[in-house]
Amino acid sequence: MKFRLLIIIAFFSVMAFVSQAQNEIHFTQFEMAPIQLNPALSGNFQGTYRVGGIYRDQWFSVIDNSFKTADLYVDVNVIRGIRKQDWVSVGLGYSAIDQAGTFGQSEEGGSRGLKNSFFNMGAAYHLANKKRTNIFSIGVQRSSVSSTFNLLVPSDARSGLQAVPNSIDVDAFNAMPNMDQQLDGSFSDWEIGFVFNRRGKDSNLKIGVSGSRMFSPKFNIGNLRTEIDPLIAAFAEYKMGMGDGLYIKPSVLYMTQGPASEIVLQGRVGRQMNDDLSINAGLGLRMGDAVQILLGADFKQYKVGVSYDVNMSGLTAASSTVGGFELALAYVGSINKKPKLKPIIICPRL
């Protein structure tokens, strides 16, 4: 019982941060969730349309139903820009389903925990030089966030929550009428992003920064009320050819919101096996949290990635170093117009 109470307290401590940071989604394979990472990445690919998704399962050794997150998106390059080398793209993302794990079932049989849903819709404009080797993109999207919280604290443990740190409004929590109440909350906000992409024969550099929650939207769930802090995310990645089909790809991601911040460093080594297939593998580090194992492959128009986090945080003892597992898949398609050929009439010689 003491262990369960400690886990419950830890969960609500996380929830207090979630209420402040709104549980902003982050993936180990952040480049496989472009719409969620930066709206200017919408349409930043060579093709007509792109469809993709990523699934993450975290802390499945600690909590019965763990933390499951899924992200689905589609973005399309729709029309030419003001100049013939520029273009406009649009993107949609259900990013994502984020279910905080539960401690069993409610009396009605439903699961208990925290579920967040993110819906993103936006557009991007890409300014390029004539050869499209240097591209500057600006993107804007509207994000809608909704949360559903099912109470999960056993009745014999409620009194123990009086010892919860000040990050939780205990009076507001105790004022909730019953243990199986479902609470809903939502807010909407704008996000803006900028990306610079330099494409070379054997290299590809991307640098981007985005800002969301810039207007400090208000979020209410039950009796808990909070103002969401602005979120700033910056990333950089560089793919460099090493000869004989080999390449390296270092990357970095930095996110900050209120008192919280995150730094992720990654490095991959890959090889172009033939015209249709390339494979890569690497390691990453989320500072103070986890070591990441990364695997990926590109096959024709498909891109697949797998990653696993080895937990190195304060939850190591409880999680037995088990962190998060991710599986990602993307497809880039092209729609080419068939040329209209004028009939040729050949006159016979007499």
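This is a guided tour of a predicted protein model, moving from the whole chain to a nonpolar surface patch, then to aromatic rings and finally to salt bridges.

**The whole chain**

Begin with everything displayed as a cartoon, where four helices and 16 strands can be picked out. Of the 350 residues in the protein, 45% are buried, and if contacts with a separation of 6 or more are considered, 59% of them join residues 24 or more positions apart. Switching to a surface view brings up an accessible area of about 18,200 Å², of which carbon and sulfur atoms contribute 61%.

**The nonpolar patch**

With the surface still on, select Leu127, Phe136, Val140, Trp190, Ile192, Phe194, Phe196, Ile207, Val209, Met214, Phe215 and Ile232, which together make a nonpolar patch of about 1,000 Å². Colouring by element of secondary structure shows that β5 (134–150), β6 (182–199) and β7 (203–212) each give two or more residues to this patch, and that β6 supplies the largest share, with four residues. Leu127, another member of the patch, lies in strand β4, residues 114–128, and counts as partly exposed at 36% relative accessibility.

**Aromatic rings**

Three aromatic pairs are found in the model. Select Tyr49 and Tyr331, whose ring centres are 6.3 Å apart and whose planes meet at 45°, so that the pair is classed as tilted. This pair links distant parts of the chain, since Tyr49 belongs to strand β1 (residues 49–58) and Tyr331 to strand β16 (residues 322–333), 282 residues apart. Tyr49 is partly exposed at 27% relative accessibility, and Tyr331 is likewise partly exposed, at 26%.

Move next to Phe136 and Phe194, where the ring centres are 6.3 Å apart but the planes lie at 25°, so this pair is stacked. Here too distant parts of the chain are linked, with Phe136 in strand β5 and Phe194 in strand β6, 58 residues apart. Phe136 has a relative accessibility of 37% and is partly exposed, while Phe194, at 32%, is also partly exposed; both residues are members of the nonpolar patch visited above.

Returning to Tyr49 and Tyr331, add Tyr302 to the selection to display one aromatic cluster formed by the three residues. A ring with a charged partner can be seen by selecting Tyr247 and Lys239, where the charged end of Lys239 sits over the ring, 4.4 Å from its centre.

**Salt bridges**

The whole structure holds eleven salt bridges. Centre the view on Arg56, which forms a salt bridge with Asp309, the closest N and O atoms being 2.8 Å apart; the two residues come from strand β1 and strand β15 (residues 302–311), 253 residues apart. Arg56 is buried at 2% relative accessibility, and Asp309 is buried with a relative accessible area of 2%.

Without moving the centre, add Glu326, which forms a salt bridge with Arg56 at a closest N and O separation of 2.6 Å. Glu326 in strand β16 and Arg56 in strand β1 are 270 residues apart in the chain, and both are buried. Extending the selection to Glu262, Arg286 and Asp289 completes a network of salt bridges that also includes Arg56, Asp309 and Glu326.

For the last stop, select Glu237 and Lys249, which form a salt bridge with their closest N and O atoms 3.9 Å apart. Glu237 lies in strand β10 (residues 231–243) and Lys249 in strand β11 (residues 246–257), twelve residues apart. Glu237 is buried at 12% relative accessibility, and Lys249 is buried at 16%.

Note on methods. Residues numbered from 1 in each chain as written. Predicted model: local features only at pLDDT ≥ 70, side-chain atom pairs only at ≥ 80, totals over all residues. Heavy atoms only, no water. Buried < 20%, exposed > 50% of the residue type's maximum accessible area, 1.4 Å probe, protein only. Contact = heavy atoms within 4.5 Å. Areas by Shrake-Rupley, 256 points an atom, 1.4 Å probe, with all protein chains shown as cover. Patch = residues over 30% accessible without salt bridge, like charges linked within 9 Å, V, L, I, M, F, W, Y side chains within 5 Å. Salt bridge = Lys/Arg side-chain N within 4 Å of Asp/Glu carboxyl O. Phe/Tyr/Trp six-rings, centres within 6.5 Å; stacked < 30°, edge-to-face > 60°. Lys NZ or Arg CZ within 6 Å of the ring centre and 35° of its normal.
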